[in-house]
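Here are some short exercises to work through with the model open beside you. Try each task before you read its solution.

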Amino acid sequence: MMQQQELAGAGLRGPFPLSSDAIEEELVERCPGTYALGFVDHLGRFAISYVGSAGEDLKSKLKAHIGTAAQFKFRHFADERQAYEKECEIFHKFMPSGNILHPSRPRGTDWTCPKCRR
Ligand SMILES: [Zn+2]
């Protein structure tokens, strides 16, 4: 059952309103993480329109998106690689309409996507 809930929620916390107040309240300073932007649909499900990750500072990256979506979900990771792999996982699972291209590998790394190995 826990597993089911985890999959349904993409393993992220939220949704929260995509506002400066909510971001300040929920996120930690200077910490990597993965985020999804979207909205709650008429069935009460979170519909993901965009997925991304931040290798250093999820908080400031998310703030740059204010105004582009109604809500966000996120998860902090201690490690940049985990944030990237989570981004890839969500990209393949949900194919968000705002993500035209596959997530790009963080600069200076040779990490591959856990789903398609590219
Ligand atoms: Zn991939």
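A residue is called buried under 20% relative accessible area, exposed over 50%, and partly exposed in between (1.4 Å probe, protein chains only). The model is a predicted one, in which local features need pLDDT of at least 70, side-chain atom pairs count only at pLDDT 80 or more, and totals for chains, interfaces and linings use all residues. Residues are numbered from 1 along each chain as its sequence is written, and side-chain values use heavy atoms, with hydrogens and water left out.

**Exercise 1. Find the donors of the zinc ion and explain why their arrangement is tetrahedral.**

Step 1: Look for donors, meaning N, O and S atoms within 2.8 Å of the metal (3.2 Å for Na, K and Ca); water is not among the atoms, so sites may look incomplete. You should find His92 (NE2), His102 (NE2), Cys113 (SG) and Cys116 (SG), at 2.0 to 2.3 Å.

Step 2: Check the angles. Four donors count as tetrahedral if all angles lie between 85 and 135 degrees. Around the zinc ion they span 107 to 113°, so the arrangement is tetrahedral. For comparison, the ideal angle for four tetrahedral donors is 109.5 degrees.

Step 3: Trace the donors along the chain, where the spacing reads H-x9-H-x10-C-x2-C.

**Exercise 2. Is His102 buried or exposed?**

Step 1: Read its relative accessible area, which is 13%.

Step 2: Apply the cut-off: His102 is buried because 13% is under 20%. Cys113, at 0%, is buried too.

**Exercise 3. Place Val51 in its surroundings.**

Step 1: Locate Val51 in strand S3 (residues 46–54); strands (E, at least two residues) and helices (H or I, at least four) are DSSP runs, numbered from the N terminus.

Step 2: Read its accessibility: 0%, so Val51 counts as buried.

Step 3: List its contacts (heavy atoms within 4.5 Å). Leaving out residues up to four places away in sequence, Val51 touches Thr34, Tyr35, Ala36, Glu87, Ile90, Phe91, Pro96 and Asn99.

Step 4: Now go from Val51 to Phe72: they are 21 residues apart in sequence, and their C-alpha atoms are 9.6 Å apart in space.

**Exercise 4. Is Met95 buried or exposed?**

Step 1: Find Met95 in the segment after H4.

Step 2: Its relative accessible area is 52%, so Met95 is exposed.

Step 3: Go on to Tyr50, 45 residues from Met95 along the chain; the two C-alpha atoms are separated by 8.5 Å.

Technical notes
Tetrahedral: all angles 85-135°; square planar, octahedral: opposite > 155°, others 65-115°.
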